[in-house]
Amino acid sequence: MPFARLATATTPTCHIGLGLAAVGRPGYINLNRDEDLGEDRSVEALRARTHELLDAAYAQGVRYFDAARSYGRSEEFLADWLKTRSGPDDIVVGSKWGYTYTAGWSTDAETHEVKDHTLATYERQRAETDALLGDRLDLYQIHSVTPDSPALTDKELHARLAEAAAQGLTVGFSTSGPAQADAIRAALAVTVDGAPLFRTVQSTYNALETSAGPALAEAHDAGLTVIVKEGMANGRLAGPHAPDILKEIAARTGLGCDAVALAVVLRQPWAGVVLSGAATTHQLASNLHAAVVDLDDDQLTRLAALAEDPRAYWERRGQLPWH
């Protein structure tokens with residue numbers, strides 16, 4: 001398991017990773033994106049921003065970096081940066097397949113990404129990822145598995161993924177939607193020749209959406225590394241948009257709402273890596289303070305009251321515009 005490399009890390013931020021969804025393409029659904037990125041969203045501007053974030057994250061102890069085929073040029077940007085760090089090191093690199101980026105570097109495209117979990121898509125995107133990341137890729141995840149995904153039942157796909165695992169690649173999956181728990185449990189049951197196929201799971205979990213928690217605990221107990229995405233709820237838990245309870249508790253800690261929101265996730269005993277989706281180095285530095293936030297039982301109880309019905313949460317997420 002590549003995440004064993006993080007087991008001996010001593011920095012407080014070793015369990016925080018950097019996700020590149022917000023900076024690998026010009027458009028995304030995070031709130032306040034215009035303020036974060038400004039008007040220049042050229043390829044070179046976002047390449048430079050991504051490299052600046054990667055430099056800052058590594059310098060502050062972050063060792064897991066997460067990309068995807070559908071995150072625009074995130075793999076390309078990450079690969080360029082990795083070339084400056086030759087030889088084996090302590091970095092863990094993950095990417096995902098299953099969505100194809102279709103926006104053509106536009107923020108107002110009618111369709112930004114197309115989902116397809118077939119074997120043909122895996123083979124095409126695996127070749128594309130290999131061409132960029134090569135042997136620097138540690139983890140390859142099926143992107144946004146839902147209970148009805150053919151990736152859960154396609155035995156030929158499972159065999160190909162098991163072949164990749166036998167060659168040293170860690171195979172995982174991510175989840176989305178109100179039935180994340182069902183998808184996680186279905187994936188845990190997938191085996192090839194009697195052995196579990198998946199070694200990691202990446203799911204949405206935050207103060208507003210906690211429904212996957214019990215299933216993620218089961219995955220952890222089964223030996224999977226749990227990666228948490230969208231801990232900031234696409235900006236809904238950031239300062240300008242945060243619920244009053246979160247703002248009040250953050251003020252008492254002297255840190256940002258983002259740090260407190262991510263600290264809630266880090267406190268979960270099953271959380272192996274919690275992703276920051278920062279788009280600026282200032283946001284990243286603030287996010288990383290989550291590692292030192294101290295919350296008492298009363299504060300945690302009050303924050304737990306923020307949890308929404310998962311169907312309502314995902315309906316609202318689906319209505320967020322691409323900025």
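## Strand E11 and its neighbours

All five of the five residues in strand E11 (residues 225-229) are buried, so the strand is largely enclosed by the rest of the structure. Buried here means under 20% relative accessible area, exposed means over 50%, and partly exposed is anything in between, with a 1.4 Å probe and protein chains only. Helices (H or I, at least four residues) and strands (E, at least two) are DSSP runs, numbered from the N terminus. This is a predicted model, where local features need pLDDT of at least 70 and side-chain atom pairs count only at pLDDT 80 or more, while totals for chains, interfaces and linings use all residues. Residues are numbered from 1 along each chain as its sequence is written, and side-chain values use heavy atoms, with hydrogens and water left out.

In a regular strand the side chains alternate between the two faces of the sheet. For E11, that puts Thr225, Ile227 and Lys229 on one side and Val226 and Val228 on the other, and all are buried. Yes, the lysine is on that list too. E11 pairs with E10 in the parallel sense over five bridges; two strands count as paired if DSSP finds at least two bridges between them. One bridge links threonine 200 to threonine 225 of E11. To get from E10 to E11 the chain passes through helix H7 (residues 213-221), and this β-α-β crossover is right-handed. Right-handed means that, with the strands pointing away from the viewer, the path from the first strand over the helix to the second runs clockwise. E11 also pairs with E12, again in the parallel sense, over two bridges, with valine 274 of E12 as the bridge partner of valine 228.

## Strand E7

Strand E7 (residues 170-175) is mostly covered, with six of its six residues buried. Thr170, Gly172 and Ser174 point one way, Val171, Phe173 and Thr175 point the other way, and all are buried.

Which strands does E7 pair with? Strand E6 (residues 139-145) runs parallel to E7 over five bridges, and tyrosine 140 has valine 171 of E7 as its bridge partner. Strand E10 (residues 200-204) is also parallel to E7, joined by three bridges, among them the one between glycine 172 and threonine 200 of E10. E6, helix H5 (residues 155-166) and E7 make a right-handed β-α-β unit.

## Helices H9 and H10

H9 is mostly covered, with nine of its 10 residues buried. The buried set runs Cys257, Asp258, Ala259, Val260, Ala261, Leu262, Ala263, Val264 and Val265. What covers them includes E11, helix H8 (244-253), E12, H10 and helix H11 (297-304), judging by contact, which means heavy atoms within 4.5 Å.

In helix H10 (residues 281-288), the buried residues are Leu284, Ser286, Asn287 and Leu288. These pack against strand E1 (16-19), helix H2 (43-59), helix H9 (257-266) and strand E12 (273-276).

## The largest pocket

H10 turns up again here: with four residues, H10 gives the most to the lining of the largest pocket. Helix H1 (33-37), E6, E12, H10 and helix H12 (310-318) each supply at least two lining residues.

How much space lies in the largest pocket? About 1,000 Å³. Of the 49 residues that line this pocket, Tyr28, Asn30, Asn234, Gly235 and Gly277 are the closest to its centre. On a 1 Å grid over the protein atoms alone, a pocket is an open set of points where a 1.4 Å probe fits, with protein on both sides within 12 Å along at least five of seven lines; lining residues have an atom within 4 Å of a point. Grid points are joined across faces, edges and corners, and the volume is the space filled by probe spheres set on the points.

## Single residues worth a click

Alanine 68 is found in the loop between strand E2 (64-66) and helix H3 (74-82). With a relative accessible area of 1%, alanine 68 is buried. Setting aside neighbours within four places in sequence, alanine 68 contacts Ser74, Glu75, Ser95, Lys96 and His143. Its C-alpha atom is separated by 9.5 Å from that of tyrosine 101, 33 residues apart along the chain.

Aspartate 182 lies in helix H6 (residues 180-188) and is partly exposed, with a relative accessible area of 48%. On the cysteine side, cysteine 14 is buried at 6% relative accessible area and cysteine 257 is buried at 9%. A search of the whole structure finds zero disulfides (pairs of cysteine sulfur atoms within 2.5 Å).
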